[in-house]
Every structure is written in C-alpha cells, then in structure tokens.
Amino acid sequence: AKETDVVLLELEDALNALSGSDPRKAQLIEFQYFGGLTTEEMSLATGTSVSTVGRELRFARAWLKDYLDKNV
C-alpha cells in the first residue's frame with residue numbers, strides 16, 4: 001500500500017508537470033487512465049479528431065515515461 005501511494009504521488013507530479021506545458025495532453029491521459037474513456041469518446045469530449053487524440057496520447061505517454069525515468 002505504501003509503495004502504491006508513492007507511485008501515485010510520482011504520477012500526480014508528472015501529470016501536473018505535463019499539464020503545465022500541455023493541459024490537453026494531460027487531460028487525455030486522465031480521461032484514458034482514470035475515466036476509462038476510449039479514443040472515440042475522448043475525441044467527442046475534446047472536439048478533436050480520433051487521429052489527433054491517438055497522436056497526442058502517444059506523445060503524452062512518451063513524455064510521462066521520460067519524465068518519470070528522469071525524476072524517479
């Protein structure tokens with residue numbers, strides 16, 4: 001449980017950092033991982049195309065991985 005808390009705090013820190021530079025990408029990550037939305041649902045919620053959502057999610061996941069690798 002304590003280890004899970006640490007991971008969640010690190011993820012929250014990473015999402016806050018991403019949100020500071022690109023709020024929509026951070027929102028998409030939250031939609032996917034915490035809301036369980038599909039790419040199509042995220043497209044409707046944000047008013048962007050499915051391909052844009054997919055591209056932005058790929059970028060956001062890579063950004064978060066890089067951030068966590070450097071800061072954990």
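These are my notebook entries on the nonpolar core and the aromatic rings of a predicted model.

**Entry 1, the core.** I began with the largest nonpolar core and found twelve residues in it. From the N-terminal side I noted A14, L15, L18, A26, L28 and I29, and then M42, V53, L57, A60, L64 and Y67. Next I asked myself which helices supply at least two residues each. They are α1 (2-21), α2 (23-33) and α4 (50-71). The most comes from α4, which gives five residues.

**Entry 2, M42.** I picked this core member and looked up its contacts, leaving out residues up to four places away in sequence. M42 touches L28, F31, Q32, L37, V53 and L57. Of these partners, L28, V53 and L57 are also listed in the core.

**Entry 3, the aromatic pair.** How many aromatic pairs does the structure hold? I found one. W63 and Y67 form it, stacked, with 5.3 Å centre to centre and 15 degrees between the planes. Why stacked? The planes are 15 degrees apart, and an angle under 30 degrees counts as stacked. Both residues sit in helix α4, four residues apart, or about one turn of the helix.

**Entry 4, burial of the two rings.** I then checked whether each partner is buried or partly exposed. W63 has 25% relative accessibility, so I logged it as partly exposed. Y67 has a relative accessible area of 18%, so it went down as buried. The cut-off for buried is under 20%. Y67 is also one of the core residues from my opening entry.

**Entry 5, a charge over a ring.** Lastly I looked at F59 and found K25 over its face, 5.0 Å from the ring centre.

Key: Residues numbered from 1 in each chain as written. Predicted model: local features only at pLDDT ≥ 70, side-chain atom pairs only at ≥ 80, totals over all residues. Heavy atoms only, no water. Core = buried A, V, L, I, M, F, W, Y, C linked by side-chain atoms within 4.5 Å. Buried < 20%, exposed > 50% of the residue type's maximum accessible area, 1.4 Å probe, protein only. Contact = heavy atoms within 4.5 Å. Phe/Tyr/Trp six-rings, centres within 6.5 Å; stacked < 30°, edge-to-face > 60°. Lys NZ or Arg CZ within 6 Å of the ring centre and 35° of its normal.
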